[in-house]
Amino acid sequence: MASGDRGQDRDETRNAFGEAVNMTARELEEWLGTEESLSVGQSDGGESVGHSSGRRIVELLRTKKDDLTDDDVAHMRKVVGYVHRHIEQRPSGDVTRTRWRYSLMNWGHDPLK
C-alpha cells in the first residue's frame, strides 16, 4: 500500500471510529467504573474483552491523530466492526437497562444518545 493510501485508510478508520464511538473519554471512563459495565461481556474470569477495549478506547480518544500507532488504528477498526455488528442485534422494546446496551457502552457507543 502506498503511503498516501495508508494515510487515507487511517483517516477513514478515524472517521468511522468517531461515528461509532459517541461517548466522550470522560463519559466512557465514568461508565467503566460502574457495576453495570463490569457485569457484561466475555471473560475468562478476569476483565471482559469489552471492558478492556473500553479502557483502550479512552486512551485512543485522548491520543492525537499524529501519535496513533498502527496497532491503535487496528483497534479502532475492531471497535467499528463490533459496534456495527452489535447495533444490528438490537432487542425490541426499551433497551435502557439491557445487557445489549451495556455491552455497546463498554465499546464506547451509547445507543440512547
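Okay, let's start with His 51, which sits in helix H4. This is a predicted model, by the way, so take everything I say as read off that prediction. Is His 51 buried or exposed? It's buried: the relative accessible area is 8%, and the cut-off for buried is under 20%.

So what does His 51 have around it? If we skip neighbours within four places in sequence, His 51 is in contact with Leu 32, Ser 37, Leu 38 and Asn 106. With Ser 37 there's also a polar contact, side chain to side chain, at 3.5 Å.

Let's pick up Leu 38 from that list. Leu 38 belongs to helix H3, residues 35-38. His 51 is buried, but Leu 38 is exposed, at 56% relative accessible area. Between Leu 38 and His 51 there are 7.0 Å, C-alpha to C-alpha, and they're 13 residues apart in sequence. Leaving out residues up to four places away, Leu 38 touches Leu 32 and His 51. And Leu 32, remember, is also one of the contacts of His 51.

Leu 32 brings us to helix H2, residues 25-32, and how that helix packs on H4. In general, you describe two packed helices by the angle between their axes and the distance between the axes. For H2 and H4, the angle is about 155° and the axes are 9 Å apart. That's over 145, so the pair counts as roughly antiparallel. The crossing of H2 past H4 is left-handed.

Who's actually meeting whom there? On the H2 side you've got Ala 25, Leu 28, Glu 29 and Leu 32, and on the H4 side His 51, Gly 54, Arg 55, Ile 57, Val 58 and Leu 61. Sorted by class, that contact has six nonpolar, two polar and two charged residues.

Now the other partner of H4. Helix H4 covers residues 49-61 and helix H5 covers residues 70-87; their axes come within 11 Å and cross at roughly 125°. That angle makes H4 oblique to H5. Here too, H4 passes H5 in a left-handed crossing.

From H4, the residues involved are Ser 53, Arg 56, Ile 57 and Leu 60, and from H5 they are Asp 71, Asp 72, His 75, Met 76 and Val 79. The split in this contact is four nonpolar, two polar and three charged. Keep an eye on Ile 57, since it turns up in the contact with H5 and in the one with H2 as well.

Met 76 of H5 takes us over to Arg 14. You'll find Arg 14 in helix H1, residues 3-20. Arg 14 is partly exposed, with a relative accessible area of 31%. Not counting neighbours within four places in sequence, Arg 14 is in contact with Lys 65, Leu 68 and Met 76. Take Leu 68: Arg 14 and Leu 68 are 54 residues apart in sequence, yet their C-alphas are 9.9 Å apart in space.

Last stop, Asp 110, in the segment after helix H6, which is 99-106. How accessible is Asp 110? Relative accessibility is 9%, so Asp 110 counts as buried. Setting aside residues up to four places away in sequence, Asp 110 touches Asn 22, Met 23, Arg 101 and Met 105. Okay, that's the tour.

Key
Residues are numbered from 1 along each chain as its sequence is written. This is a predicted model: local features need pLDDT of at least 70, side-chain atom pairs count only at pLDDT 80 or more; totals for chains, interfaces and linings use all residues. Side-chain values use heavy atoms; hydrogens and water are left out. Axes are lines fitted to C-alpha atoms, for helices over the stretch in contact, and angles run from 0 to 180 degrees between N-to-C directions. Helices (H or I, at least four residues) and strands (E, at least two) are DSSP runs, numbered from the N terminus. Angles under 35 degrees count as roughly parallel, over 145 as roughly antiparallel, 65 to 115 as roughly perpendicular and the rest as oblique. A crossing is left-handed if the near helix is turned anticlockwise from the far one by less than a right angle, and right-handed if clockwise. Contact means heavy atoms within 4.5 Å. Ala, Val, Leu, Ile, Met, Phe, Trp, Tyr, Cys and Pro count as nonpolar, Asp, Glu, Lys and Arg as charged, and the others, Gly among them, as polar. Buried means under 20% relative accessible area, exposed over 50%, partly exposed in between (1.4 Å probe, protein chains only). A polar contact is a pair of N or O atoms within 3.5 Å; within protein, one must be able to donate a hydrogen and the other to accept it, and residues adjacent in sequence count only if both atoms are side-chain atoms.
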